[in-house]
Amino acid sequence: MSERNTVLRSMHDLGLGAWFGGSLMGAVGLNGAAEQEGKTETATARIASTGWAKWAPANALAIGAHLIGGTGLLAANRARVQNQKGVAGSTAAKTVLTGAALAATAYAGVLGKKVDLASSPDPEDMDKAAKHPIDVEQAQKHLALVQWAIPVLTAGIVILNALHGEQQRPSQQAKGIVLRAAHRNLHL
């Protein structure tokens with residue numbers, strides 16, 4: 001492959017790296033620090049909510065960059081996806097994991113906002129929380145689980161990204177194209 005996609009690959013990889021690393025640091029570092037420093041459950045929730053709220057815009061930018069880069073790479077490599085055996089399957093798996101990571105990230109955001117409103121001392125937030133009462137303990141349990149799901153899912157994307165890199169080796173491309181052609185000829 002003589003065509004270069006440095007900008008798209010950089011957006012894809014840097015976005016994914018920030019999404020994975022930020023979610024892992026948040027689950028380990030931010031939440032751990034909030035538990036250690038918060039003197040009450042409400043204080044712990046406020047510390048964690050404030051930290052996650054500060055990270056949210058950067059995370060959204062990282063996810064957007066990853067998605068733009070990934071979509072561009074898919075378009076640039078569409079012939080290889082169609083013609084090289086194994087690439088379509090790994091691409092489909094990567095797409096499913098990306099969708100699951102997006103869903104987990106969105107769900108974490110919704111749960112986090114609920115916990116934030118329920119633990120806020122701001123009268124407006126307290127009104128909003130009263131209008132939409134939630135079981136804070138249940139929301140925090142779900143949040144604890146989903147916050148670990150995000151780095152696991154994005155780690156899976158990193159692993160499939162490594163597989164895609166291996167599949168781009170010239171020897172793998174040639175072998176994959178020959179196997180795909182042989183498979184097609186057998187089914188004619």
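This is a short tour of a predicted model, stop by stop, with something to select at each one.

**The whole chain**

Start with the full chain in cartoon view. You will find seven helices and zero strands, so the order of elements from the N terminus reads α-α-α-α-α-α-α. Of the 188 residues in the chain, 32% are buried. If you turn on contacts between residues at least 6 apart in sequence, 83% of them join residues at least 24 apart.

**Colour by confidence**

Next, colour by pLDDT. The chain averages 89, and 90% of the residues score at least 70. Which element has the lowest mean pLDDT, and which has the highest? Select residues 170–186 for the lowest: this is helix α7, with a mean of 65. Then select residues 6–37, helix α1, for the highest, at 96. Where pLDDT is low, the predicted coordinates should not be read in detail.

**Helices α1 and α2**

Keep α1 on screen and add α2, residues 41–76. Two packed helices are described by the angle between their axes and the distance between the axes. Here the axes of α1 and α2 come within 7 Å and cross at roughly 165 degrees. Angles over 145 degrees count as roughly antiparallel, and α1 and α2 are therefore roughly antiparallel to each other. The crossing of α1 past α2 is left-handed. Colour the residues of this contact by type and you will have 17 nonpolar, 13 polar and three charged.

**Helices α2 and α4**

Now hide α1 and bring in α4, residues 87–119. The axes of α2 and α4 are 10 Å apart, and the helices pack at an angle of about 155 degrees. That makes α2 roughly antiparallel to α4. This crossing, too, is left-handed.

To see the contact itself, show side chains on both helices:

- On α2, select Thr42, Ala45, Arg46, Ser49, Asn59, Ile63, His66, Leu67 and Leu74.
- On α4, select Thr91, Thr98, Leu102, Thr105, Gly112, Val115, Asp116 and Ser119.

How many of these contact residues are nonpolar, polar and charged? The contact of α2 with α4 has six nonpolar, nine polar and two charged residues.

**Asparagine 59**

Stay on α2 and centre on asparagine 59, which sits in this helix. Is asparagine 59 buried or exposed? Its relative accessibility is 11%, and anything under 20% counts as buried, so asparagine 59 is buried. Leave out residues up to four places away in sequence, and asparagine 59 touches Trp19 and Thr105. Thr105 is also one of the α4 residues in the contact with α2.

**Leucine 111**

Move along to leucine 111, in helix α4. Leucine 111 is buried, and its relative accessible area is 4%. Which residues does leucine 111 contact, once neighbours within four places in sequence are set aside? Show Ala139, His142, Leu143 and Val146 to see them. For a distance to try in your viewer, pick the C-alpha atoms of leucine 111 and lysine 141: they are 9.8 Å apart in space, and the two residues are 30 apart in sequence.

**Alanine 139**

One of the contacts of leucine 111 is alanine 139, so go there next. Alanine 139 lies in helix α6, residues 136–167. Alanine 139 is buried, at 7% relative accessible area. Beyond neighbours within four places in sequence, its contacts are Leu111, Val115 and Ile134. Val115 is a name you have already selected, among the α4 residues that meet α2. Try another distance here: the C-alpha atoms of alanine 139 and alanine 108 are separated by 9.5 Å, with their positions 31 residues apart along the chain.

**Isoleucine 159**

For the last stop, stay in helix α6 and select isoleucine 159. Buried or exposed this time? Isoleucine 159 counts as exposed, with 59% relative accessibility; the cut-off for exposed is over 50%. Finish by picking the C-alpha atoms of isoleucine 159 and lysine 94: these residues are 65 apart along the chain, and the atoms are separated by 9.2 Å.

Notes
Residues numbered from 1 in each chain as written. Predicted model: local features only at pLDDT ≥ 70, side-chain atom pairs only at ≥ 80, totals over all residues. Heavy atoms only, no water. Axes fitted to C-alpha atoms, helices over the stretch in contact; angles between N-to-C directions. Helix = DSSP H or I, 4+ residues; strand = E, 2+ residues; numbered from the N terminus. Parallel < 35°, antiparallel > 145°, perpendicular 65-115°, else oblique. Left-handed = near helix turned anticlockwise from the far one by under 90°. Contact = heavy atoms within 4.5 Å. Nonpolar A, V, L, I, M, F, W, Y, C, P; charged D, E, K, R; others polar. Buried < 20%, exposed > 50% of the residue type's maximum accessible area, 1.4 Å probe, protein only. pLDDT = per-residue confidence, 0-100.
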